[in-house]
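Let's walk through this structure piece by piece, starting from one pair of strands and working outwards. Keep the 3D view open as you read.

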Amino acid sequence: MKLNDSNPIFSSYQNNTALYDEIFDENKNVRRTYEKIIELYSDHSIKDFVSLNEKAKASFFNQGITFQVYSDEKAQEKIFPFDLFPRILEAKEWNTIEKGVIQRSKALNEFLWDLYHEKNIIKDGIVPLDLISSSANYLRQMIDLDPPGGVYNHISGTDLIKHSDGKYYVLEDNIRCPSGVSYVICNRNALKRALFGVFNHYKIHAVTNYAENLLDIMESVKPKGVDVPNCVVITPGIYNSAYYEHSYLAKTLGIELVEGRDLFVEKDFVYMKTISGPEKVDVIYRRIDDTFLDPLEFREDSAIGIPGLFAAYKRGNVSIVNAPGTGVADDKAIYTYMPEIIKYYLNEKPILNNVPTFHCSRKDDLKYVLENIDKLVVKPVDEAGGYGISIGNRLTKDEIENVKKVILENPRKYIAQPIMSLSVHATYIDESQSFEQRHVDLRTFTLLGAEKAFVLKGGLTRVALKKGNLIVNSSQGGGSKDTWVLKK
Amino acid sequence: MLARVANNLFWMGRYIERAEHTARFMNVNYFSSLDAPNQLSQSRQFVLHSIMSMVGDDVKDKTKIKEEDVFYNVGLNPEKHYSINQCVKFARENANSSRDMISTEFYESINKFYHYVMNYPKEIFVRSGLHDFTTNVTEHTAILRGKIRGTLLHDEVYALIMLGINIERATQIIRIVKTKFEDAQKATGGYTNPIENSYEWTTLLKCCESYDMNRRFYKKPPTQLTVLEFLVLNPNCPRSVINSLNQIFYHITILDNLELRDKTSAAFLIGKMRSQYQFKTVEEIQKSVDKFIEKTLDTLVEISEKLEREYFYH
């Protein structure tokens, strides 16, 4: 089956074969997985898609599946754009991803335990000490503290991309408060409403079992001596941009959604204020950052935290999901050591690729980097938010010389990686009223409990709606797709 | 249930109900004045003053007010706490804060309602949109009540919303009675008998969506006596004060029926007020309507304050 130029819904589909297209191969043949859906979509006119797209947008808006954007005085409600063309992952492909993300989550958990206890990995010289000691996310309060069930990163969001070589690479591990899971479920519902017919032709794993598994995981890390734990979700409040997700999770988990002001600590136990008086709380799924959790222990000016919470946690009277202090393990510098970390704790080969990294602190690596700056992305290890990054193929000759100079001044401070390309996927574009190629990534959601691990079969495919843009974040005009994992 | 969320649910109920009464009051007063039988009832200024008085923003009797200002302030002005715009905004904000407790279906309806009100163009509203906007507001609130009854678990969540709705309803009904009673005193002489047969009584019943049922029940044109009896003491009239009190009493016992033993509790006060109303006669009220209205409003405020102290602030 070929990409048919006469097919009106793909009329302005410019198949750039330099990019990895998830739907069409380099000869413009439709990949096997997508044959049926292309056939079904071809039955629709572009007018159908225009109206379906409008309806989907209205439906998200009316349901209040929105986030707040603040601009000049006025707060505006925006929907997270949803795309009508689903991402399809084959069973085999997914198996590798699933095994891979569980492996990473487990390794990160062991790594965190080690960092806050014996620090063997540092003593053995695998990870340099200054990487940890210089990290603002390493919480000294967590040293020698045993989190209930021995779990730190109960919830991990792993960001994956498919490079132009057709292989998956992990771009980032998110183990603080990864968000987006509610959109996985909303996207599925929206696509079902809009194009239910296509679901008859594919056997797809459901995504509705996330909440029950999360509750299992939360209950599995209950404090000692508690029979049936009282679990809650804590949110910064209705003005938080992810409030929809917080309320969605609480609702589907069937537990209370609390704010800091609803809780208090007495004699190192946590209680919530109910209409019939105080009620003890045992497990807290927190959607507020570490430093805001407890004004007595972290930021004094936190108005959304609970004074005394950390003391209760230390005494083992309450569980916090994810544990405080996980941020030390998911930053860019640690990322580059992930293959070594997996090997060290699990004695396994990494299942998922890391983007290869050159450490300028190593002599051979430095030599390679200096000779190939035009093909590399150079990043400082200790900066966040994209500062100080240079992308080789966008630099002039003078700029390259300048980057070289900067690296040589302090080689330890820099790492370099090949320039990665995100795969592209057919995406409905409002302006041109047609499907076009857009870059996508994939965020998976992994749950880790005292005795089990679970990966949501699906995930959030984020798509950069601006042409040529590689940044898929919603704040940068990104949208998302329903993501199907096929049964065998 | 969290005390804060209980507070949110209670006030959500109140604001939904308040929006509806305000919308209906504007609509009925304005449109019934267009062909009213006497000069004063027909006067635009008279009607506009009446509307401002109902929302509690009284204007001095002789002051001339602009129709567009009144419409805008009571309907859409985000700066006026009593405007329908603000009621709906607060209702939805309270729904947001308790979103995990309510159904998706109900939330979707309140969210749509919110966007409808927020996006209603001011220019159209003040010139020609009064009927369209206010009837849509009452439609939306009816849908909300249906979703509350039909999609929520009838437990504490439901009881709290119903408490809010019914306390607000009793308050608004008695406020509407008060406003129209004052109007009737000014606008006597529409028919042969002065105050007893004032045209304002018909308007009053229509403001409370009770005109048709009143006619069915008494089979005569409304008089001060039958209107008061119907809107205050008839337990079968869904808008009557006694009906609201019965509802309030029923729902507070769902929340906690042990509180009834404590004579300082909200539940006890509600029970007491309800019993007094149950055996009151309209003749007793008629002796001093002003005082009766004041007393009713005061007790409702006291109940609301007691509820807040007992359930919402721990």
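Start in chain A with strand β6 (residues 231-234), which pairs with β7(A) in the parallel sense over three bridges. One spot to click on is A:V233, which sits opposite A:L257 in β7(A). Keep in mind that you're looking at a predicted model.

Now widen the view. These strands belong to an open sheet of four, ordered β7-β6-β11-β12 in chain A, with parallel pairing. Why is one side of β7(A) and of β12(A) left without a neighbour in the sheet? β7 (256-258) and β12 (319-321) of chain A stand at the edges and have a single partner strand each, so there is nothing in the sheet on their other side. Direction ignored, neighbouring strands here are turned by 30° against each other on average. Packed on this sheet is helix α7 (residues 210-220) of chain A, which touches β6, β11 (283-286) and β12 of chain A. The helix direction makes about 110° with that of β6(A).

Next, jump to the far end of the numbering, to strand β22 (residues 478-485) of chain A. Eight of its eight residues are buried, so β22(A) is largely enclosed by the rest of the structure. Which strands does it pair with? Strand β3 (residues 82-89) of chain A pairs with β22(A) in the parallel sense over five bridges, and A:R87 has A:T483 in β22(A) as its bridge partner. Strand β21 (residues 460-464) of chain A runs antiparallel to β22(A), joined by four bridges. There, A:V463 has A:G479 of β22(A) as its bridge partner. In general, strands of a sheet pair through backbone hydrogen bonds, in either the parallel or the antiparallel sense.

Time to zoom out to chain A as a whole. Its secondary structure comes to 13 helices and 22 strands. The radius of gyration is 24 Å, close to the 23 Å that the globule rule gives for 488 residues, so chain A is as compact as a globular protein of that length. Along the principal axes, the C-alpha trace spans about 75 × 60 × 50 Å. Buried residues account for 43% of the 488 residues. If you take contacts between residues at least 6 apart in sequence, 70% of them join residues at least 24 apart.

Chain A also splits into domains: domain 1 (1-205 + 331-355 + 420-488), domain 2 (224-317) and domain 3 (356-418). Taken over C-alpha atoms, the centres of domain 2 and domain 3 of chain A are separated by 43 Å.

That leaves chain B and the place where the chains meet. How many residues does each chain bring to the contact? Chain B gives 16 residues and chain A gives 16 residues. On the chain B side, the elements that contribute two or more residues are α1 (3-33), α5 (84-97) and α6 (104-118) of chain B. The largest share, five residues, comes from α6(B). Sorted by class, this side of chain B has six nonpolar, five polar and five charged residues.

Finally, have a look at helix α3 (residues 44-54) of chain B. Its buried residues are B:V47, B:L48, B:H49, B:S50, B:I51, B:M52 and B:M54, and they pack against α1, α4 (67-75) and α8 (156-186) of chain B. After α3(B) comes B:G56, with a positive phi near 85°.

Methods:
Residues are numbered from 1 along each chain as its sequence is written. Chains are lettered from A and ligands numbered from 1 in the order in which they are written. This is a predicted model: local features need pLDDT of at least 70, side-chain atom pairs count only at pLDDT 80 or more; totals for chains, interfaces and linings use all residues. Two residues are in contact if their C-beta atoms, placed from the backbone, lie within 7 Å. Ala, Val, Leu, Ile, Met, Phe, Trp, Tyr, Cys and Pro count as nonpolar, Asp, Glu, Lys and Arg as charged, and the others, Gly among them, as polar. A residue is buried if 20 or more other C-beta atoms lie within 10 Å of its own, exposed if 12 or fewer, and partly exposed in between; C-beta atoms are placed from the backbone. Two strands pair if DSSP finds at least two bridges between them. Axes are lines fitted to C-alpha atoms, for helices over the stretch in contact, and angles run from 0 to 180 degrees between N-to-C directions. The radius of gyration is taken over C-alpha atoms; the globule rule is 2.2 Å times the number of residues to the power 0.38. Domain bounds come from an automatic or database domain assignment.
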